[in-house]
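Visitor: I am new to this structure and would be grateful for a close look at a single part of it. Please begin with the whole before turning to the detail.

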Amino acid sequence: MELWEAAAILLAGVAAGGINVIAGSGTLFTFPVLLALGFPPITATVSNTIGLAPGSISGTVGYRRELRGQRTRMLRLGAMAFVGSITGALLLVYLPSGVFETVVPFLIGAACVLILFQPRIAAWARSRRPASENGGPLLPVGCYATGAYGGYFAAAQGIILLSLLGTALDDDLQRINALKNVLTTIANCTAAVFYIVLASPAWTAVALIAVGTIVGGHLGARYGRRLSPAALRVCVVAVGLTAAVQLVMGRI
């Protein structure tokens, strides 16, 4: 690997780690770089997921203050994200590549709509039912499905999760974002373990992404909590739309 190629992967990892903590969709920084450098799609996906796992942990630790009082949520929803990520990882290993990627832009677009209109949707939902501290019975199902999606491809997993949690839970957006980081960490780390055992990652790329995401995750956690809920929402939508456009253009 050339020095400039290593530098490109490292910088993409820093960007991915930071944006994953703040919003999600960091995969759309690292995955295209790996493809551009000649890595096969499955190898790129596997290496990317393993490399992003340390950054997810770093970001979660950075947001630990906002996780206080959310133990029940983390256990309940984290278990569903864990099982879902196993499902997604097995799908990636045993199904043809590109199956999920066909619908990814539409999923991201729907998530952006949910984020954009989340306050109105949440207000409408609470007018139809009492506010629920744990989000109601359908939220774990959504976390399972998002975990499966994250275990398969991971792009915009955080955006989708943030839209689900923000709509279902009556809480501050920064605390919801911290919970999102926990769930994506569980999904990413679980999928990473499966890929290490069942797939063939490119370990040099994994190491570079891992170092980059640890740095980016720390920076994202440090500065991300300073954003107002409105600014954070705008950031999420901007990243989501960029990711959707990038995926559509990549398939043309």
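What percentage of the 252 residues in the protein do buried residues make up? After that, please take me to the nonpolar patch on the surface.

Guide: Buried residues account for 53% of the 252 residues in the protein. The model shown here is predicted, and its confidence deserves a word before the detail. The average pLDDT of the protein is 82, and 85% of the residues score at least 70. Confidence is highest in helix 4, with a mean of 92, and lowest in helix 6 (residues 118–128), with a mean of 64. Where pLDDT is low, predicted coordinates should not be read in detail.

As to the overall architecture, the protein contains eleven helices and zero strands. Among contacts with a separation of 6 or more, 84% join residues that stand 24 or more positions apart. The protein exposes about 11100 Å², and 70% of that area is supplied by carbon and sulfur atoms.

The part you asked about lies on this surface. The nonpolar patch is formed by Leu90, Tyr94, Val193, Ile196, Val197, Leu198 and Trp203, which together have about 720 Å² of accessible area. Two elements, helix 4 (71–94) and helix 9 (173–198), each give two or more residues to the patch. Of these, helix 9 gives the most, contributing four residues.

One member of the patch may serve as an example. Val197 is found in helix 9. Its relative accessibility is 63%, and Val197 therefore counts as exposed, since the cut-off for that term is over 50%.

A residue of the opposite kind offers a useful contrast. Thr49 belongs to helix 3, which spans residues 41–62. With a relative accessibility of 2%, Thr49 counts as buried, because that term applies under 20%. Within its surroundings, the side chain of Thr49 reaches the backbone oxygen of Thr45 at a distance of 3.0 Å. When neighbours within four places in sequence are left aside, Thr49 is in contact with Asn188, Ala191, Ala192 and Tyr195.

To draw the two examples together: Val197, a member of the nonpolar patch, is exposed at 63% relative accessibility, whereas Thr49 is buried at 2%.

Note on methods. Residues are numbered from 1 along each chain as its sequence is written. This is a predicted model: local features need pLDDT of at least 70, side-chain atom pairs count only at pLDDT 80 or more; totals for chains, interfaces and linings use all residues. Side-chain values use heavy atoms; hydrogens and water are left out. Buried means under 20% relative accessible area, exposed over 50%, partly exposed in between (1.4 Å probe, protein chains only). Contact means heavy atoms within 4.5 Å. Accessible areas come from the Shrake-Rupley method with a 1.4 Å probe; for residues, only the protein chains shown count as cover. Patches are made of residues with over 30% relative accessible area and no salt bridge: like charges are joined within 9 Å, nonpolar side chains (Val, Leu, Ile, Met, Phe, Trp, Tyr) within 5 Å. A salt bridge is a side-chain nitrogen of Lys or Arg within 4 Å of a carboxyl oxygen of Asp or Glu. A polar contact is a pair of N or O atoms within 3.5 Å; within protein, one must be able to donate a hydrogen and the other to accept it, and residues adjacent in sequence count only if both atoms are side-chain atoms. pLDDT is the predictor's confidence in each residue, from 0 to 100.
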